[in-house]
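This briefing is about aromatic rings and the neighbours they pair with. Please look over the sequence and the model before reading on.

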Amino acid sequence: MQTPPKAPSILIYALTLAFVLGLVVPTLTSPRRAAAAALANAPAILTFPATGHSVKTAAFINFFQAYGGVQTFGYPLAEETWENGRLVQYFERQRFEYHPENAGTDYEVLLGRLGAEYSQPQQPFATVAPFANSASRVYIPQTQHALAEPFLSYWQSHGGVRILGFPISEVVYEGGMPVQYFERARFERHLENAGTPYEVLLALLGKASYAQHGQPAAPAAPAAGSLNTMEARLLQQINAVRAQAGLGAVTLDAQLIALARDRSADMANRGYFDHRTPDGKTFLDMMRARNIAFHMAGEIIAENNYPATQTEDQAFQGYMGSAEHHAIIMMGNWRTAGVGQAVDGSGMYYFTVIFAEPAQ
């Protein structure tokens, strides 16, 4: 007997704290959702000064750490982004793809099929006839190719077919280097590193793909106006309802965007839904720590497990269906804002909107 799928749900929770006016808006409390066990000990954010970028999506963090981290995938080249309707993040050696339709399975995060993509000029590769397997060389019947040491051991210890796919070529030489193409990677044998953990490395296909499909790498802090599709849609709806009431639009602030994203990522990664972190900090504490000057500030948050095509609309509808949230959104004091979105490993989406009246 199959268990019916869980119906989408939404939780909303509002809080405004302010200085000078001494305003405290009543809060709408909601039951706290239990954290997914697999994410209970996940770090909130992985930050890499080498490239100035972070990994914030819980599922990406777990995958990155489980399969070798920087040594396997290299450093992140950009923040997470939306590409062809899917959440992705580029690393030097790969592109992570989040598949919410596979949430809770081994295929929730997949690597891009970069090996197949970048082997196209060389294909079709000649196949080999079946042979008897040995400890150092095996036959892969699915693609009719051989896999031998040291690539064999690397493949087996880094997730095998589930992570890297099947080999789609024999060993070939490119620029004098032995390489072999797999569905999701190109293995390189660096003879100068023989006998070390760096003898076999994944090629920098993530970097090549990012240069072709993404944008030139930029600092992690987003420029004003830099929102992903979900964040932009939510802000658009907020400003539309403010305009209908004759209120001015809130404009984006880069520091508030970064803070809102960090707030959403922290909730997703540590499995809580509250204005106060498990460490007892509020967004106001974080604004002070980041030297964000303001006269008045407020925060609203939401979580829901609707499909990616609906989640930001459901968050907005939840806000507008609550008198407390509606009142906060419609406050005339707000001049700037930041919007942040994150998703956890179970497909639960988190949204944070931080409003501010900048200090004079």
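Rings of Phe, Tyr and Trp (its six-membered ring) are taken as a pair if their centres lie within 6.5 Å, and the angle between the planes then sorts each pair, with under 30 degrees counted as stacked, over 60 as edge-to-face and the rest as tilted. In this structure, which is a predicted model, there are 17 aromatic pairs.

**The pair F63 and F73**
- The ring centres of F63 and F73 lie 5.9 Å apart and the planes stand at 35°, so this pair is tilted.
- The pair joins distant parts of the chain, since F63 belongs to helix α1 (residues 58-66) and F73 to helix α2 (residues 69-73), with their positions 10 residues apart.
- Both F63 and F73 are buried.

**The pair F73 and F96**
- F73 also forms an aromatic pair with F96, and this one is edge-to-face, with 4.9 Å from centre to centre and 85° between the planes.
- Here too distant parts of the chain are linked, from F73 in helix α2 to F96 in strand β6 (residues 95-98), 23 residues apart.
- F73 has a relative accessibility of 1% and therefore counts as buried, and F96, at 0% relative accessibility, counts as buried as well.

**The wider cluster**
- Ring pairs connect F48, F60, F63, F64, Y67, F73, Y75, F91 and F96 into a cluster.

**A charge over a ring**
- The charged end of R137 is placed over the ring of F131, at 4.0 Å from the centre of that ring.

Technical notes:
Residues numbered from 1 in each chain as written. Predicted model: local features only at pLDDT ≥ 70, side-chain atom pairs only at ≥ 80, totals over all residues. Heavy atoms only, no water. Helix = DSSP H or I, 4+ residues; strand = E, 2+ residues; numbered from the N terminus. Buried < 20%, exposed > 50% of the residue type's maximum accessible area, 1.4 Å probe, protein only. Lys NZ or Arg CZ within 6 Å of the ring centre and 35° of its normal.
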